[in-house]
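Reader: I am new to this structure and would like to be taken through it step by step. Please let me see it before we start.

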Amino acid sequence: MLIELPKLSPEGESFSGEESAELLGLKAGDAVKAEGPVQYDFFVQLVGHELVVQGRLTVELAATCGRCAEIYSTNLVISDFLRASEIQPGQESVDLTDDIREEVLLKLPPYPVCQPECKGLCPQCGRNLNDGACGCKAPKDDLRWSGLDDLKLK
Ligand SMILES: [Zn+2]
Ligand SMILES: [Zn+2]
């Protein structure tokens, strides 16, 4: 996204639009994928020798839950985007593409979880415990009983 300085109104201007999610450079194996473009809603103003950009970024994500491995959709909303770029004499434009990429990558969930209460998969049979409990014994109980058996032997 390019801001052309000679065209910019001295009072500042609003810019809304979208950038292709390809700019994020996410790979197929990543836990998070973009499902749509990166939408921006910016207010851009020249303040002294700096171009100040503030506003909002939104991108729809498909994330793989780190506990149950389900893919779920979520909206990433960054409402406090703020960048100030120093303008050099004679500079005609400011490219915000790198700033947008950095900001979105920084705010991606590092360990996505489909819901805070996600129960994950049973470590023994692999069943998704969000769909209901399986018949397996909890591993904690197994450890406790084997501990008692050891004591009896001594
Ligand atoms: Zn989950
Ligand atoms: Zn199980």
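Author: What follows is a set of questions and answers on this predicted model.

Reader: What pattern does the protein chain follow along the sequence?
Author: The secondary structure comes to two helices and seven strands. Read along the sequence, these elements give the pattern β-β-β-β-β-β-β-α-α.

Reader: What percentage of the residues in the protein chain is buried?
Author: A residue is called buried if 20 or more other C-beta atoms lie within 10 Å of its own. The protein chain has 154 residues, and the buried share of them is 12%.

Reader: Which element gives the most to the largest nonpolar core?
Author: This core has 18 residues, and Val38, Tyr40, Val53, Leu57, Val59, Ile100 and Val104 have the most contacts inside it. Two or more residues come from each of β4 (38-47), β5 (50-64) and α1 (97-107). With six residues, the element that gives the most is β5.

Reader: Which residue in α1 (97-107) does Tyr40 touch?
Author: Leaving out residues up to four places away in sequence, Tyr40 touches Met1, Phe15, Ser16, Gly17, Glu18, Glu19, Gly55, Leu57 and Ile100. The helix α1 covers 97-107. From the list of residues that Tyr40 touches, the one with a number in that range is Ile100.

Reader: How many bridges join β4 to β5?
Author: β4 and β5 form a hairpin with two residues between them, and Gly48 in the turn has a positive phi of about 60°. Within this pair, Gln45 stands opposite Val52 in β5. The two strands run antiparallel, and the number of bridges that join them is nine.

Reader: Over how many bridges do β5 and β6 pair?
Author: In β6, the bridge partner of Val59 is Leu76, and that of Leu61 is Thr74. The pairing of β5 with β6 is antiparallel, and the number of bridges is 14.

Reader: Which residue of β3 stands opposite Leu61 in β5?
Author: β3 (32-34) pairs with β5 in the antiparallel sense, over three bridges. The residue opposite Leu61 in β5 is Ala34.

Reader: What is the count of buried residues in β6?
Author: β6 spans 71-86 and has 16 residues. The strand is hardly covered, and the count of buried residues in β6 is zero.

Reader: What is the phi of Ala69 in the turn of the β5 and β6 hairpin?
Author: Ala69 lies in the loop between β5 and β6, and the hairpin has six residues between its strands. Ala69 counts as exposed because 12 other C-beta atoms lie within 10 Å. Ala69 is a residue other than glycine, yet its phi is positive, near 70°.

Reader: Is Leu23 exposed, partly exposed or buried, and why?
Author: Leu23 is found in the loop between β2 (13-19) and β3 (32-34). Exposed means 12 or fewer other C-beta atoms within 10 Å, and buried means 20 or more. Leu23 has 16, so the term for Leu23 is partly exposed.

Reader: How far apart in space are Leu23 and Ile100, C-alpha to C-alpha?
Author: Leu23 touches Val38, Thr97, Ile100 and Arg101, not counting residues up to four places away in sequence. In sequence, Leu23 and Ile100 are 77 residues apart. In space, their C-alpha to C-alpha distance is 8.7 Å.

Reader: What share of the contacts with a separation of 6 or more joins residues 24 or more positions apart?
Author: The contact of Leu23 with Ile100 spans 77 residues in sequence, and so falls within the range of 24 or more positions. Of the contacts in the protein chain with a separation of 6 or more, the share at that range is 60%.

Notes: Residues are numbered from 1 along each chain as its sequence is written. Chains are lettered from A and ligands numbered from 1 in the order in which they are written. This is a predicted model: local features need pLDDT of at least 70, side-chain atom pairs count only at pLDDT 80 or more; totals for chains, interfaces and linings use all residues. A nonpolar core is a set of buried Ala, Val, Leu, Ile, Met, Phe, Trp, Tyr and Cys residues joined through C-beta atoms within 7 Å. Helices (H or I, at least four residues) and strands (E, at least two) are DSSP runs, numbered from the N terminus. Two residues are in contact if their C-beta atoms, placed from the backbone, lie within 7 Å. Two strands pair if DSSP finds at least two bridges between them.
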